[in-house]
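Open the model in your viewer and keep the selection tool ready. Each stop below names what to pick next and what you will find there.

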Amino acid sequence: QILTIHNGIDIRIFKQTSGNLILKNIKFMMGNSDEDGGALQLNGTCKVYNCSFKDNRAGSVGGAIYSKSTIEIRNCEFENNVAYSGGSIRGENVNVINSTFQKSRGVDGAAISGSNVNIEHCNFTENLALGGGILHVREKLTSKGCVFTKNDLAYNSKEILLAENATLEYTVELKLVNATS
């Protein structure tokens, strides 16, 4: 069963002050913060499974999620989230698997901005980067099987923007359709 949290006022939906947290099967909608983390501000380790984040906004970083620690995200959907840095997610150690990012906006990282970012089998569609990139990574990006489609790159943006001295590791996956041996 899915719990929906629809915020009708201009405040952040949830703030974690410390510890470990697991969030499952929750819809976070219309969270809003003048600061960091429109839906979630996380100050401890967090795992987020099968959740959706829609129409969340932050005045600074992390339109949907701002994490100061380690966050693992699996099978989640991010749509129409907005922040200056990290339209959907801004974090230090970010691990995202089998998730989608659609129509998010930001200057530094329309979808994700982080220090150490691992993305696997994620789809990035119709996001708007206003000068940075769809992803903005400061230290290390590891990527496997991700697809970038129809993203809008304004003001000389890049799909992936790596800070100076940042590293990139990626695995190329080939899918053969109607192949014969």
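**Stop 1: an arginine in a strand**

Select R90, which sits in strand β12. Bear in mind that this is a predicted model. Is R90 buried or exposed? R90 counts as buried because its relative accessibility is 16%, and the cut-off for buried is under 20%.

Now show what surrounds R90. Setting aside neighbours within four places in sequence, R90 is in contact with V61, G62, I65, Y66 and S67. S85, S113 and R138 complete that set of contacts. Keep I65 selected for a later stop; I65 is one of the residues touching R90.

**Stop 2: the whole chain**

Zoom out and colour by secondary structure. The chain has 22 strands and zero helices. Of its 181 residues, 45% count as buried. Consider next the contacts between residues at least 6 apart in sequence: 60% of these join residues at least 24 apart.

**Stop 3: the largest nonpolar core**

Select F53, I65, I112, I119 and F124. Which residues touch the most other members of the largest nonpolar core? These five do, out of 34 residues in that core.

Next, highlight the strands that feed the core. Those supplying at least two residues each include β3 (20-24), β4 (26-29), β6 (40-42) and β7 (45-49). β10 (65-74), β12 (89-97), β15 (112-120) and β18 (133-144) also each supply at least two. Which strand gives the most to this core? The answer is β18, with four residues.

Stay with F124 and show its contacts. Residues up to four places away in sequence are not counted here. F124 touches F101, A111, I112, I119, I134 and L135. F124 also touches C146, V147, F148, T149 and N151. Two of these, I112 and I119, were in your selection of the core members with the most contacts to other members.

**Stop 4: the partners of β18**

Select β18 and step through its pairings. Strands of a sheet pair through backbone hydrogen bonds, either parallel or antiparallel.

- With β15, β18 pairs in the parallel sense over eight bridges. Find N118, which stands opposite T142 in β18.
- With β21 (residues 158-162), β18 pairs in the parallel sense over four bridges. Here H136 stands opposite L161 in β21.
- With β22 (residues 167-171), β18 pairs in the parallel sense over five bridges. Pick L141 and look across to its bridge partner in β22, L168.

**Stop 5: a three-stranded sheet**

Select β14, β17 and β20. These three strands form an open sheet in the order β14-β17-β20, with parallel pairing. Which are the edge strands? They are β14 (105-106) and β20 (152-154), each pairing on one side only. β14 and β17 (residues 128-130) pair over two bridges in the parallel sense. To see where they meet, select R105, which stands opposite L128 in β17.

**Stop 6: the largest pocket**

Switch to a surface view. The largest pocket holds about 190 Å³ of space. Its lining has 14 residues, and E77, F78, E79, T100 and Q102 lie nearest its centre. Five elements give two or more residues to the lining: β4, β8 (52-54), β11 (77-79), β13 (100-102) and β16 (123-125). Colour the lining by class to finish. The lining has five nonpolar, five polar and four charged residues.

Note on methods: Residues are numbered from 1 along each chain as its sequence is written. This is a predicted model: local features need pLDDT of at least 70, side-chain atom pairs count only at pLDDT 80 or more; totals for chains, interfaces and linings use all residues. Side-chain values use heavy atoms; hydrogens and water are left out. A nonpolar core is a set of buried Ala, Val, Leu, Ile, Met, Phe, Trp, Tyr and Cys residues joined through side-chain atoms within 4.5 Å. Buried means under 20% relative accessible area, exposed over 50%, partly exposed in between (1.4 Å probe, protein chains only). Contact means heavy atoms within 4.5 Å. On a 1 Å grid over the protein atoms alone, a cavity is a set of points where a 1.4 Å probe fits but cannot get out, and a pocket is an open set with protein on both sides within 12 Å along at least five of seven lines; lining residues have an atom within 4 Å of a point. Grid points are joined across faces, edges and corners, and a volume is the space filled by probe spheres set on the points. Ala, Val, Leu, Ile, Met, Phe, Trp, Tyr, Cys and Pro count as nonpolar, Asp, Glu, Lys and Arg as charged, and the others, Gly among them, as polar. Two strands pair if DSSP finds at least two bridges between them.
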